[in-house]
Amino acid sequence: MVLTDAATPGRGAYDAVIVGAGVIGASIALALSRSGWKTLNVDREGMPGHGSTSASAGILRVHAASRDAVVLAAEAIPYWENWADFVRLPVGERLAEFRRCGSVIFGDGSGYGERAAATLASLGEPHERWTAERLAERLPFFDLHAFGPPALPDDDDFGRETDVMIPGALYTPSSGFVADPALAAQNLMAAARLEGADCALRTTVVEIRRKGGRVLGLTLGDGRRIDCPVVVNAAGPHSAAINRMAGVEEGMRVRSRPIRQELHQIPAPPGVDFLADGLHVVDGDLGINFRPEAGNAILVGGNGAACDPIVEVADPDAHDPAVSAAVWDRHVLRLARRVPELRIPSRPSGVAGLYDITDDWLPIYDRTDLDGFYVAVGTSGNQFKTAPLVGVLMAALIAAAESGRDVDTTPLVIRGEHTGRDIDLSTYSRLRQVDHGLVTTVNG
Ligand SMILES: Cc1cc2nc3c(=O)[nH]c(=O)nc-3n(C[C@H](O)[C@H](O)[C@H](O)COP(=O)(O)OP(=O)(O)OC[C@H]3O[C@@H](n4cnc5c(N)ncnc54)[C@H](O)[C@@H]3O)c2cc1C
């Protein structure tokens, strides 16, 4: 299905307008549309999913440091497993595909693997403890020496020889990846359009209008105004800018901001079919994580190791999407330690995208102090996997708040239809206290 620019109708035509048609905005449109709401997504890109979603590694990992994050991921993964049934698009539509490859975690001095294992065990989520022998048997093309802690390539410690071996690993069989995240957003938007949703592409929001304590609507770059009782900020790395337009940042204890993140692609070594035999690997020992990529390549990114600088981006519009030689070197030289037969191309290749992070790396799915203005922001480099579920959660939250429920004092608790577990939305409140003990930047 090809999406074209929708003409933006006049006053009162929509029940909700969503800023952004990334994987989150498109998912919210689908869930609201299926609940009978007439929605409009506004996105300045030419296609849904062409914002930060298009840079995503698309990793769906079930392991996480916090119980809430595991609950969310485990509830979301079945949507991906049953994608065709979920999006219900006409036969012949190209669909995003979930590829289950499993995820292995090792060598993380922070204790992430241990915490994740304990959390998975307490929830009864499938996981295995692999011995060093099992790891070596499963990944014979790996050098399993423990090189850590992670260092920068120009550090004296980088490349140091060691006799110490990785002692073992945690393995989660249900994890995997979606190789084309933008296509997933397009599938969601197409599904929403089948329910009557509209999507205005190549259209920029320049103002959020308010009157008294309530949102009035928004103004577009060409001067057109759309009045609407509900506006949702799903603007990804531009979320803080949209929140400032709405004047809601002051009322948020947790805020979002963009940082730069690069992913690099490198061919698998000769003789290794990484697509068939590879896994998603969280290599805390080297500070990287990587997964199989189409064309028998390896897609590698950083793990937020202490030595790796966080690159704050003051203006997401000034972001340079070209990959940098410094981060390429860091990722591929580390990868070459783990996979010694790797042949490093002379030219860097990959993508540079923006994470929309919060201080605790948890998203904000909430109302704001401005009645009718909602946020699905701060997705912190790890909410692609939960996106189909986020639409369901946001639609429930919006419906409850618009029906008069005070979701700040009586937070919504939603029972997951796949796992039967409760999802307490106060975890994702703009008013939560940040728990620095749970901070983890494991990609995906
Ligand atoms: C490099 C990278 C790797 C990642 N890897 C993973 C992973 O492996 N697993 C995982 O679960 N998550 C991952 N993530 C995170 C995940 O991809 C994001 O959380 C998710 O894609 C965010 O979707 P979104 O819809 O909120 O944002 P976006 O896709 O950025 O959509 C927001 C949209 O809003 C539009 N917009 C913004 N401002 C305006 C405006 N003023 N007017 C009109 N339109 C506007 C933009 O054009 C954009 O299309 C990764 C992210 C990045 C950047």
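**Exercise 1. A tryptophan in a loop**

Does Trp 361 count as buried or exposed, going by its C-beta neighbours inside 10 Å? Place Trp 361 in the chain as well, and look at its backbone.

*Solution.* Keep in mind throughout that this is a predicted model.

Step 1: Find the residue. Trp 361 sits in the loop that runs between strand E18 (350-357) and E19.

Step 2: Apply the cut-off. A residue is buried if 20 or more other C-beta atoms lie within 10 Å of its own. Trp 361 has 23 C-beta neighbours inside 10 Å, so Trp 361 counts as buried.

Step 3: Check the backbone. Most residues other than glycine have a negative phi. The phi of Trp 361, however, is positive, near 60°.

**Exercise 2. A serine to set beside it**

Where does Ser 380 lie, and what is its phi?

*Solution.* Step 1: Ser 380 belongs to the loop between E20 and H10.

Step 2: Its phi is positive, about 55°, although Ser 380 is not a glycine.

Step 3: Count the neighbours again. With 21 other C-beta atoms within 10 Å, Ser 380 is buried.

**Exercise 3. Reading the six-stranded sheet**

Work out the strand order of the open sheet of 6 strands, and find its edges.

*Solution.* Step 1: Write down the order, which is E9-E2-E1-E13-E20-E19, and note that the pairing is mixed.

Step 2: Look at the two ends. Strand E9 (198-200) and strand E19 (364-367) each have a single partner strand, so one side of each has no neighbour in the sheet.

Step 3: Consider the twist. On average, neighbouring strands of this sheet are turned by 15° against each other, direction ignored.

Step 4: Add the helix. Helix H10 (residues 387-402) packs on the sheet, where it touches E1, strand E13 (231-233), E19 and strand E20 (373-377). The direction of H10 makes about 15° with that of E19.

**Exercise 4. Two pairs from that sheet**

In which sense do E1 and E2 pair, and in which sense do E19 and E20 run?

*Solution.* Step 1: Take strand E1 (residues 16-19) and strand E2 (residues 39-42). They pair in the parallel sense, over 4 bridges. One pair to find on screen is Ala 16 with its bridge partner Thr 39 in E2.

Step 2: Move to E19 and E20. These strands run antiparallel and are joined by 4 bridges. Here Tyr 365 stands opposite Ala 376 in E20.

Step 3: Follow the chain from E19 to E20. The two strands form a hairpin with 5 residues between them, and Gly 372 in the turn has a positive phi of about 85°.

**Exercise 5. The largest nonpolar core**

Which residues touch the most other members of the largest nonpolar core, and which helix gives the largest share of it?

*Solution.* Step 1: The core holds 126 residues, and Ile 28, Val 232 and Met 394 touch the most other members.

Step 2: Helix H2 (residues 67-81) supplies the largest share, 10 residues.

Step 3: See how far the core reaches. At least three of its residues come from each of domain 1 (16-76 + 180-256 + 360-438) and domain 2 (100-174 + 258-355).

Step 4: Zoom in on Ile 28. Beyond its neighbours within four places in sequence, Ile 28 is in contact with Ile 18, Val 232, Ala 234, Ala 376, Gly 391, Met 394 and Ala 395.

**Exercise 6. Where the domains touch**

How many residues of domain 1 are in contact with domain 2? Describe that side of domain 1 too.

*Solution.* Step 1: The C-alpha centres of the two domains lie 29 Å apart.

Step 2: The contact involves 16 residues of domain 1 and 24 residues of domain 2.

Step 3: On the side of domain 1 that touches domain 2, H2 gives the most, with 3 residues.

Step 4: That side of domain 1 divides into 9 nonpolar, 5 polar and 2 charged residues.

**Exercise 7. A covered helix and a cis bond**

How many residues of helix H7 are buried, and which two residues does a cis peptide bond join?

*Solution.* Step 1: H7 (residues 239-246) is mostly covered, with 6 of its 8 residues buried. Among them are Ile 242 and Met 245.

Step 2: Step just past the helix. Gly 247 follows H7 and has a positive phi, near 70°.

Step 3: Most peptide bonds are trans. The bond that joins Gly 148 and Pro 149 is cis, with omega about 5°. Pro 149 is in the loop between helix H5 (132-138) and strand E7 (168-172).

Methods
Residues numbered from 1 in each chain as written. Predicted model: local features only at pLDDT ≥ 70, side-chain atom pairs only at ≥ 80, totals over all residues. Pairing = 2+ DSSP bridges. Axes fitted to C-alpha atoms, helices over the stretch in contact; angles between N-to-C directions. Contact = placed C-beta atoms within 7 Å. Core = buried A, V, L, I, M, F, W, Y, C linked by C-beta atoms within 7 Å. Buried ≥ 20, exposed ≤ 12 C-beta atoms within 10 Å, placed from the backbone. Domains from an automatic or database assignment. Nonpolar A, V, L, I, M, F, W, Y, C, P; charged D, E, K, R; others polar.
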